[in-house]
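Open the model in your viewer and keep the sequence panel beside it. The tour goes from one selection to the next and says what is there.

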Amino acid sequence: MNILHISGVLKWGGGENHIQNLCFELAQTNPEVNNIILCVEGGQFHQKLTKLNIKFVTARRRRRIDLNFISTIIKVCKQESIGLIHLHDPTAMQLAIIADLFSNLPPFVLSRKISYPIRNNFLTLYKYNYKKIKKYLCVSDETRHILERGVKDKSKAITVYHGTRIDNKSDVTPFKLREKLGVADDVKIVGNIANHYPAKDLFTYVRTLNRLINEFGRKDIHFVQIGSPAAQTPEIMELIKSYKLEPYVSFLGFTEDASNYIPQFDIGFMSSKLEGIAQFLYECFYHRVPIVTTNAGGAAEIIKQGETGFIAEKGDDEALARHLTYVLDHPEEAKVIAENGNTLLFSQFITPVMAQKTLAVYREIIGNKVSGSKA
C-alpha cells in the first residue's frame, strides 16, 4: 500500500505535526504501508523531515500554483506506484487537482483541519466536490458539520480526532523559561503556542492580558507566547505597548520543539477564533497542565467546563480572564482538572487510535478501487 501525503505549506504547524505522527505510527504498526511525504522545498517541514526517519521528496513552490510542484506530484505517483493520495491542506488539494487534469492520478483523501466555512463560489465548490476526493477526514465534529455545508456527498465526511503522539514527549529544552526571562518563583507562567495567524486571535489574547493585569490587578503572572510572526505581528505588538504590558509578556517567536516547554507552564492558554482541535490542548493534557481556552472548533468536544479545563466564547476576553483568575486562585482544584484531562487523553485522543482509523479509510478506498477495476 503506497500512500503519498502532500503538504503545500511553507511553515510548520499542527497539520504538519499530524502528517509526521501519522506516518510514524503506521511505520510502527503497519510496515506494509509505504508512506511518502511531498512537501515544499526549503520550508520548515522540509527542514524537520531531514532529521526524521520518514521517506520524503520536495518540490519548489515559488507561487501558489507552481508547475514544478504539479509535475512532481505526477512524477512521484508514477515512480512510486502510488495507490492513494492524502491531501493535508487547501493548497495541496488545488495542486493535486490540477495535476489530475494532466494525468490520471489515484483517488484522494482530504484532511480538514480547521473549522471555517467553504466559500460559496464556483471554483471553491468545484475543488471541494472534486470527483477524486473519496473521503474527508475532519479533525472534530464541529469541523465536519461546517464542511458538510459545502459538499454534496455528506456521507464522505467523517471525524477522525488527531490526538497526540505519546512516545516522543520530552521536557528537555535548551534553557529554562524562568531563568532566561527572569521570572520569579512566586510568579505563575501562562503559556501559549500559536503562530501569529488571524485564526489564533492574538488580539483577544492581548485584551485578556490587559483585563488580568490592568483591570484585575494581577501582577503575579507572566505570559509566554511561542510561535512564528506573521503579517499581524506588528499590530499585536503595538497593542501590547499601548496597554503597557511589556513587563508581563514575552514573545519567543518560532521555537524548535516548542511543546517541550509546556511542562514549564503553570497554565496553558488559547484565544483562537478558528481551529479544528489545536494540538496544544492535547499537549497540555499530556503534561498535566490546566488549560483555559475559547470554544473555537472542536475544543468543546474535549474541554468540559470545570472538569478537564475551562472554556469561554470566542473573543470573550473578560470570561477568559475570569477563568485564568480562578485557576490561579484554586491550585489544588487545577491539579485535579489537569489529571482529568490526562486521563481523557489516554482513553481517546492518542495517535495510535488516529492512525488505525485513518488506515481503515485507506483500505476501504483502495479496496473499492481494486474491486472496481475487476468489475
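Which backbone oxygen does the side chain of serine 71 reach? Select serine 71 and look around its side chain: the backbone oxygen of asparagine 68 is 2.9 Å away. Keep in mind that this is a predicted model. Serine 71 belongs to helix H3, and with a relative accessible area of 40% it is partly exposed. Now add arginine 149 to the selection. Serine 71 and arginine 149 are separated by 78 residues in sequence, and their C-alpha atoms are 32 Å apart in space.

**The largest nonpolar core**

Stay with helix H3 (67-79), and select with it strand E1 (2-6), strand E2 (34-40), strand E4 (84-87), helix H4 (90-102), strand E5 (108-112) and strand E6 (133-138). Each of these elements gives two or more residues to the largest nonpolar core. That core has 34 residues, and H4 gives the most to it, with 7 residues. To find the residues with the most contacts inside the core, pick Leu4, Ile6, Ile73, Ile85, Leu87 and Phe108. In soluble globular proteins, nonpolar side chains tend to be buried together.

Next, show leucine 4 alone with its surroundings. Setting aside the neighbours within four places in sequence, leucine 4 is in contact with Ile36, Leu38, Val76, Cys77, Ile82, Leu84, Ile85 and His86.

Another core lies apart from the largest one. It has 29 residues, and to find it you can select Ile213, Tyr248, Phe310 and Val327, which are among them.

**The cysteines**

Now colour the cysteine sulfur atoms. How many disulfides are there? The count is 0. Begin with cysteine 23: the nearest cysteine sulfur belongs to cysteine 39 and is 11 Å away. Cysteine 23 is buried, at 4% relative accessible area. Then go to cysteine 138. Why is cysteine 138 not bonded to the closest cysteine sulfur? That sulfur, in cysteine 23, is 19 Å away, which is too far for a bond. Cysteine 138 is also buried, at 0% relative accessibility.

**An open sheet**

Move on to the strands E8 to E13. They form an open sheet of 6 strands, and to walk across it, follow the order E10-E9-E8-E11-E12-E13. The pairing is parallel. At the edges are strand E10 (249-253) and strand E13 (310-312), each of which pairs on one side only. Turn the sheet to view it along its strands: the twist averages 20° from one strand to the next. Strands of a sheet pair through backbone hydrogen bonds, either parallel or antiparallel.

Zoom in on strand E12 (residues 291-294), which pairs with E13 over 3 bridges. Here threonine 293 stands opposite isoleucine 311 of E13. Then show helix H10 (residues 279-286). Helix H10 lies across strand E8 (188-193), strand E11 (267-269) and E12, and runs at about 165° to E12.

**Two aspartates in loops**

For the last stop, select aspartate 201, in the loop between E8 and helix H8 (202-215). Its phi is near 45°, a positive value in a residue other than glycine. Then select aspartate 257, in the loop between E10 and E11. Aspartate 257 has a positive phi too, of about 50°. Are these two residues buried or exposed? Aspartate 201 is buried, with a relative accessible area of 9%, while aspartate 257 is partly exposed, at 39%.

How values were computed: Residues are numbered from 1 along each chain as its sequence is written. This is a predicted model: local features need pLDDT of at least 70, side-chain atom pairs count only at pLDDT 80 or more; totals for chains, interfaces and linings use all residues. Side-chain values use heavy atoms; hydrogens and water are left out. Two strands pair if DSSP finds at least two bridges between them. Helices (H or I, at least four residues) and strands (E, at least two) are DSSP runs, numbered from the N terminus. Axes are lines fitted to C-alpha atoms, for helices over the stretch in contact, and angles run from 0 to 180 degrees between N-to-C directions. Contact means heavy atoms within 4.5 Å. A disulfide is a pair of cysteine sulfur atoms within 2.5 Å. Buried means under 20% relative accessible area, exposed over 50%, partly exposed in between (1.4 Å probe, protein chains only). A nonpolar core is a set of buried Ala, Val, Leu, Ile, Met, Phe, Trp, Tyr and Cys residues joined through side-chain atoms within 4.5 Å. A polar contact is a pair of N or O atoms within 3.5 Å; within protein, one must be able to donate a hydrogen and the other to accept it, and residues adjacent in sequence count only if both atoms are side-chain atoms.
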